[in-house]
Amino acid sequence: MQYVGSKRKMKDDLRRIFSRYRKKGQLYVEPFVGGANSIEIFDNPRWGNDIHYELIQVFIALQKGWTPPDVITEEDYYYIKEHRDELHPALVGFVGFNCSFGNKYWGGYARNSEGKDYCGGSQKSILKQAPLLKGIKFTSMPYQQMKIPKNSFIYCDPPYEGTTKYKGSGSFSHHEFWEWAAYMGEIGNTVFVSEYSQPKVNGFEKVFQKEIRSTLSMDNQQKKIERLYMWTGKKQSNRR
């Protein structure tokens, strides 16, 4: 699914690194599943969660065989935006993200100078993704409320510090998140976190970094350094 902060460009890296640490049959959990572009490449058992209700409803609907629209006019876009509470949440989620400028939730109707068909392209992409979502447990709740079994494999791709959050996601405490992630590691889970900036707590070590071109608009891109941290419990984090 087209989504701000997608890990499409890091799929091979994540697969290679995680394969070293994930045990056979270990539950794979993403508390911030986003566009499900990383969870799709791993085997079951899998659990994908996100606080954004309409986003999760897109994936649940796809699992049940739903086909998103291939055409959404500008008039359709703003009608759906104004009548969100009256329409199926999967439709609202699909249009709100995939037909919006820069894939920012209801960030304005997507268009560019070449007249690219963003809705049709997004429909084809998400229908191609749908079979890869089979068997995933999808939920929508704050990450702190997830009752994650011990000895799980947890990959966190939270809202990055200093970046724009999607509308309706509310405030996000980065320090509180890092404290939670550390606790998840302390009780016996395998924990990885993606971020641009350094962890807010000790116990995490940087295991990978990669320069990524981050799309900020339909026509402009910016280079960012994606960093992957792993919980090791060591008291000195890699701060470089």
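Buried, in these notes, means under 20% relative accessible area. I start there because W180, at 11% relative accessibility, counts as buried by that cut-off. One caveat before the rest: I am looking at a predicted model.

**Entry 1: overall layout**

I counted the secondary structure and got six helices and seven strands. Going along the sequence, I wrote the order down as α-β-β-α-α-α-α-β-β-α-β-β-β. The protein has 240 residues, and buried ones make up 49% of them. I also looked up contacts with a separation of 6 or more: 70% of these are between residues 24 or more positions apart. For the surface I noted about 12,200 Å² exposed, with carbon and sulfur atoms supplying 48% of it.

**Entry 2: the cores**

Which residues touch the most other members of the largest nonpolar core? I have F18, F59, V95, F192 and L228, out of 39 residues in that core. Then I checked which elements feed it: α1 (11-21), α2 (53-63), α3 (74-82), α4 (89-98), α5 (118-129), β4 (153-156), β6 (204-215) and β7 (221-231) each give at least two residues. The largest share, five residues, is from α2.

I picked V95 for a closer look. Setting aside neighbours within four places in sequence, V95 is in contact with I72, Y77, I80, S100 and W106. There is also a second, separate core of 20 residues, and I find F32, Y143, A181 and V201 among its members.

**Entry 3: α2**

Since α2 came up, I went through its burial. L55, I56, Q57, V58, F59, A61 and L62 are buried there. What covers the buried residues of α2? My list includes β2, α4, α5 and β3. Just past the helix I noted G65, which follows α2 and has a positive phi, near 100°.

**Entry 4: β4 and its partners**

Next I looked at which way the side chains go in β4. F153 and Y155 point one way, I154 and C156 point the other way, and all of them are buried. That fits the textbook picture: side chains in a regular strand alternate between the two faces of the sheet.

For pairing, β1 and β4 run parallel and are joined by two bridges. In that pair Y28 is opposite F153. β4 also runs parallel to strand β5 (residues 190-195), this time with four bridges. There I have C156 opposite V193.

**Entry 5: rings**

I found 29 aromatic pairs in the structure. One of them is Y28 with F153, stacked, at 5.7 Å centre to centre with 15° between the planes. This pair links distant parts of the chain, with Y28 in strand β1 (residues 28-30) and F153 in strand β4, 125 residues apart. Y28 and F153 are both buried.

Why is the Y143 and W180 pair edge-to-face? Their planes are at 75°, and the cut-off for edge-to-face is over 60 degrees, so the pair qualifies, with ring centres 4.9 Å apart. Y143 is in the loop between β3 (137-139) and β4, W180 is in helix α6 (residues 174-186), and the two are 37 residues apart. Y143 is buried too, at a relative accessible area of 6%.

I traced the ring pairs outward and got a cluster of F32, Y143, F172, F177, W178, W180, F204, Y229 and W231. As a separate item, K137 lies over the face of W47, at 4.0 Å from the ring centre.

**Entry 6: two spot checks**

S38 sits in the loop between β1 and β2 (46-49). Buried or exposed? I have S38 as buried, with a relative accessible area of 5%. Not counting residues up to four places away in sequence, S38 touches K7, L14, Y28, E30 and Y155. Y28 in that list is the residue that stacks on F153.

The other check was F208, which is in strand β6. At 15% relative accessibility, F208 counts as buried. Beyond residues up to four places away in sequence, F208 touches M10, D13, R16, I17, E226, R227 and L228. I looked up the I17 case in particular: F208 and I17 are 191 residues apart in sequence, yet 8.7 Å apart in space, C-alpha to C-alpha.

Terms used: Residues numbered from 1 in each chain as written. Predicted model: local features only at pLDDT ≥ 70, side-chain atom pairs only at ≥ 80, totals over all residues. Heavy atoms only, no water. Core = buried A, V, L, I, M, F, W, Y, C linked by side-chain atoms within 4.5 Å. Buried < 20%, exposed > 50% of the residue type's maximum accessible area, 1.4 Å probe, protein only. Contact = heavy atoms within 4.5 Å. Phe/Tyr/Trp six-rings, centres within 6.5 Å; stacked < 30°, edge-to-face > 60°. Lys NZ or Arg CZ within 6 Å of the ring centre and 35° of its normal. Areas by Shrake-Rupley, 256 points an atom, 1.4 Å probe, with all protein chains shown as cover. Pairing = 2+ DSSP bridges.
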